[in-house]
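User: I am new to this structure and would be grateful for a close look at a single part of it. Please describe the sheet and what is packed around it.

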Amino acid sequence: RRRVAGVGVGGKGGSDIDQAGRLMEVAALCDIDAGRLDKKGAAWPAARRFADWRELLDTMAGGIDAVVV
């Protein structure tokens, strides 16, 4: 199964990661707004959380197949 990360998970980014999550495993979420990140993280509790997209890409480089921005 493919693994996806979401960068910017409020508004349109939130609906995009939800749609991607129907097809792939959501492995990581990233948003600078902690409230949005916590809200979306509740929907995807197994996903790792990041506030900085650069840290997400550095940390998850070998563990994701796609990124939704």
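Analyst: The account below begins with the sheet and then turns to the helices and the nonpolar cores.

The model is a predicted one. Its sheet is open and has 4 strands, in the order β3-β2-β1-β4, with parallel pairing. The edges are formed by β3 (48-50) and β4 (66-68); each has a single partner strand, so one side of each is left without a neighbour in the sheet. From one strand to the next, the twist averages 25°.

Strand β1, residues 3-7, runs parallel to β2 and is joined to β2 by 5 bridges. One residue of β1 may serve as an example: V7 has C30 in β2 as its bridge partner. Across β2 and β3 lies helix α2 (residues 34-43), which runs at about 170° to β3.

The largest nonpolar core consists of 10 residues: V4, V9, I17, A20, M24, V26, L29, L37, A47 and V68. Two or more residues of this core come from each of α1 (11-23) and β2 (25-30). Apart from this core lies another, of 9 residues, which include A27, A28, C30 and F50. In soluble globular proteins, nonpolar side chains tend to be buried together.

L37, a member of the largest core, merits a closer look. Leaving aside neighbours within four places in sequence, L37 is in contact with V9, L29, C30, D31, R49 and F50. Of these contacts, V9 and L29 belong to the largest core as well, whereas C30 and F50 are among the residues of the other core.

Terms used
Residues are numbered from 1 along each chain as its sequence is written. This is a predicted model: local features need pLDDT of at least 70, side-chain atom pairs count only at pLDDT 80 or more; totals for chains, interfaces and linings use all residues. Side-chain values use heavy atoms; hydrogens and water are left out. A nonpolar core is a set of buried Ala, Val, Leu, Ile, Met, Phe, Trp, Tyr and Cys residues joined through side-chain atoms within 4.5 Å. Buried means under 20% relative accessible area, exposed over 50%, partly exposed in between (1.4 Å probe, protein chains only). Contact means heavy atoms within 4.5 Å. Two strands pair if DSSP finds at least two bridges between them. Axes are lines fitted to C-alpha atoms, for helices over the stretch in contact, and angles run from 0 to 180 degrees between N-to-C directions.
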